Amino acid sequence: MKSLMPRQAALLSIILTLMLSFSCSEDPEAVPQSGEVTLVFDHVVGNFPLSLEDLEYTNANGDGFRVSKFQYYISNLVFRKADGTEYHQPESYYLVDESIPSSKLVSVKDVPPGDYSGLSFTIGVDSARNVAGAQTGALDPANGMFWSWNTGYVFLKLEGTSPQSKNGGLVFHTGGFQAPHNSLRTVSLPFLAGQKLRVEASRTPRVSLSADVLRLFQGVNTIRFSELSSTMGGANSVKVADNYTRMFTVGHMRE
Amino acid sequence: MSLSSFRLGRRYVLLCAALGIAACGSEQDITPAESPSFPAGFPEPIYSYRNNPVTEEGFELGRALFYDPILSKDGSVSCGSCHRQEAAFADPGSPVTQGVGGKEGSRNTPALANLRWSRAFFWDGGGNHLELVPLAPITNPLEMGENLSSVIRKLNRDPEYVQAFRKAFQHRDTVNSQQLFRALAQFMGELVSAGSPYDQFQNGKAEALTPEQKKGLVVFKGKCGTCHQPGLFTDHSFRNNGLDADTPQDTGRHLVTESPTDVGRFKVPSLRNVALTSPYMHDGRFGTLQQVLEHYDTGVRRSATLDPALDGPTPGIQLSQAEKRQLLAFLQSLTDQSFIGNKRFAAPRP
């Protein structure tokens, strides 16, 4: 640039400006302003709120247990309108951690305006990102949700204790994105009957999503801690994954 | 040789970006105009550098990190402690890895070369991406025993590293793990070995191999080349080569897949520089190549998952004394002096 004469530089900048303004097929000003939605994650154990302190809960099999850690990935959020059209959030990866309150508030920006009737997402990290090498942000392996010996993300971690467990501990780590041990699950949640999520520029509606820890251990497979108290991917992880498809429910919506 | 072409490629990308060609988010469609940086006869690499173009700064940073024990828990072990250049980046004489506090691992340190052509890493293939390979030794309590966030914290506290990362990755931010892994991937990816007498022979220099080695090459192609396919000298498969009759303690590939048919299978290693990488096998049980050949000749043991190529009325690969001599001579011709002597791959001077 230094060597260009001022007139040439001016000409070049005009060309560049023209190229930039015509290079995208969509004119941003023609699109109505998008909105923002906040997803509020809430963790419960049956009828009780989840506490990482010293509270004891009971699973469907009657086994007592305490929880010290509860974290999971949510990815590829999709907002669906009544007419079937969908908004797929790009770069959609979130790590929700019971011990980090801010992680339970997921702010989704740039949602096209409209009335939405439901949403879906994947529990875990899609297979593409499991094989894409070093990632950043929520997917940074430094977050501790990554296996190095069998490369891939841990999708969900629940750790704690149970008197029924053979060694006293509970370590449920799910993961694995390849058949036959694929623990990725997509959940589709219609909003409550008659409720619409209205998205527009002037407001930030909140949708509350509740995850019930008890449902990790019941549903398709009843987990008895005396038989299974630890998973690290693989076939046992799939048993838990088959349950966690029903872990989430949509609660109320508010402004 | 390759760095200048990569620089050119990067300029091309920058120019395209400046002209607005990439302004619609189709960045990934741009193929930098880079000439192949790999030896003739090698296939397209699996790790393409597309998301991590090699630069002098990035490579040098990766090299510094590779030889820096800062990556280990107590500052005592670097990648280079076990991956020694004079042994083609294997650990000469150690059957299994030696980690922090003198802890012993359970497997033999693999040699490092031509890693961009690997789809799966470690003896059991549990690693699926070159960039993330270092995470396993860094975090293994028996190897470097460190955790990743602690490594990143240490690097961010070191002004020289912060500056080197900023230069290598063109930013003014803090160091993150992606930059750590990408710098290491640049160094590891450039560890290309294709300058052995065998390669010179392939390139038309008939006198590069001795008559005995030429005979060995013929035997090799007939009896070893199915698995150790010439070129990369591996077919990247996982096989049970009959080391143990019973279910071994280390079940190999089975640890990754949980499939009973994978018990006792391990990755077929490349044989490049094999004369330097003793001891052999996933557990380093054989000290010499002679022992390895004896194993294939008379030591192969039957089990449910023994590789079909080694099974038969008499399991193994029958070799005459002359064939063994010729094979041993040939295997020496895979030693690449230009690789182990390359100063660019050596520990940087402090």
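Axes are lines fitted to C-alpha atoms, for helices over the stretch in contact, and angles between them run from 0 to 180 degrees between N-to-C directions. The exercises below concern a predicted model.

**Exercise 1. Describe how helix 2 and helix 6 of chain B pack.**

Solution.
1. Two packed helices are described by the angle between their axes and the distance between the axes.
2. Helix 2 of chain B spans residues 56–66 and helix 6 of chain B spans residues 159–169; their axes come within 8 Å and cross at roughly 145°.
3. The crossing of helix 2 of chain B past helix 6 of chain B is left-handed.
4. On the side of helix 2 of chain B, the contact is made by Glu57(B), Gly58(B), Leu61(B), Ala64(B) and Leu65(B); these meet Tyr161(B), Ala164(B), Phe165(B), Lys167(B), Ala168(B) and Phe169(B) in helix 6 of chain B.
5. By class, the residues of this contact comprise eight nonpolar, one polar and two charged.

**Exercise 2. Compare the span of helix 12 of chain B with its expected value, and identify what covers its buried residues.**

Solution.
1. Helix 12 of chain B runs over residues 321–332, which is 12 residues.
2. The expected span is 1.5 Å times one less than the number of residues, and for helix 12 of chain B this gives 16 Å.
3. From first C-alpha to last, helix 12 of chain B reaches 17 Å, close to the expected figure.
4. The buried residues of helix 12 of chain B are Glu323(B), Lys324(B), Gln326(B), Leu327(B), Ala329(B), Phe330(B) and Leu331(B).
5. Their cover includes helix 8 (197–202), helix 9 (211–223) and helix 11 (289–299) of chain B.
6. Seen from the other partner, Leu289(B), Val292(B), Leu293(B), His295(B), Tyr296(B) and Asp297(B) are buried in helix 11 of chain B, and the buried residues of helix 11 pack against helix 12 of chain B.

**Exercise 3. Explain why Cys224(B) and Cys227(B) are not joined by a disulfide.**

Solution.
1. A disulfide requires a pair of cysteine sulfur atoms within 2.5 Å.
2. The cysteine sulfur closest to that of Cys224(B) belongs to Cys227(B) and is 8.8 Å away, so the separation is too far for a bond.
3. Taken from Cys227(B), the closest cysteine sulfur is that of Cys224(B), again at 8.8 Å.
4. A search of the whole structure returns zero disulfides over all chains.
5. Both residues count as buried: Cys224(B) has 18% relative accessibility, and Cys227(B) has 17%.

**Exercise 4. Characterise the surroundings of two loop residues, His282(B) and Pro134(B).**

Solution.
1. His282(B) is found in the loop between strand 2 (266–267) and helix 11 of chain B.
2. With a relative accessible area of 5%, His282(B) is buried, because the cut-off for burial is under 20%.
3. Beyond four places in sequence, His282(B) touches Ser106(B), Arg107(B), Asn108(B), Trp123(B), Leu243(B), Asp250(B) and Phe266(B).
4. Pro134(B) occupies the loop between helix 3 (79–82) and helix 4 (135–139) of chain B.
5. Pro134(B) is buried, its relative accessible area being 5%.
6. Not counting residues up to four places away in sequence, Pro134(B) touches Phe181(B), Leu184(B) and Met188(B).
7. Pro134(B) and Asn203(B) are 69 residues apart in sequence, and their C-alpha atoms are 34 Å apart.

**Exercise 5. Summarise the make-up of chain A.**

Solution.
1. Chain A contains three helices and 16 strands.
2. Of its 255 residues, 47% count as buried.
3. Among the contacts in chain A with a separation of 6 or more, 72% come from residues 24 or more positions apart.

Note on methods
Residues numbered from 1 in each chain as written. Chains lettered and ligands numbered in written order. Predicted model: local features only at pLDDT ≥ 70, side-chain atom pairs only at ≥ 80, totals over all residues. Heavy atoms only, no water. Helix = DSSP H or I, 4+ residues; strand = E, 2+ residues; numbered from the N terminus. Buried < 20%, exposed > 50% of the residue type's maximum accessible area, 1.4 Å probe, protein only. Contact = heavy atoms within 4.5 Å. Left-handed = near helix turned anticlockwise from the far one by under 90°. Nonpolar A, V, L, I, M, F, W, Y, C, P; charged D, E, K, R; others polar.
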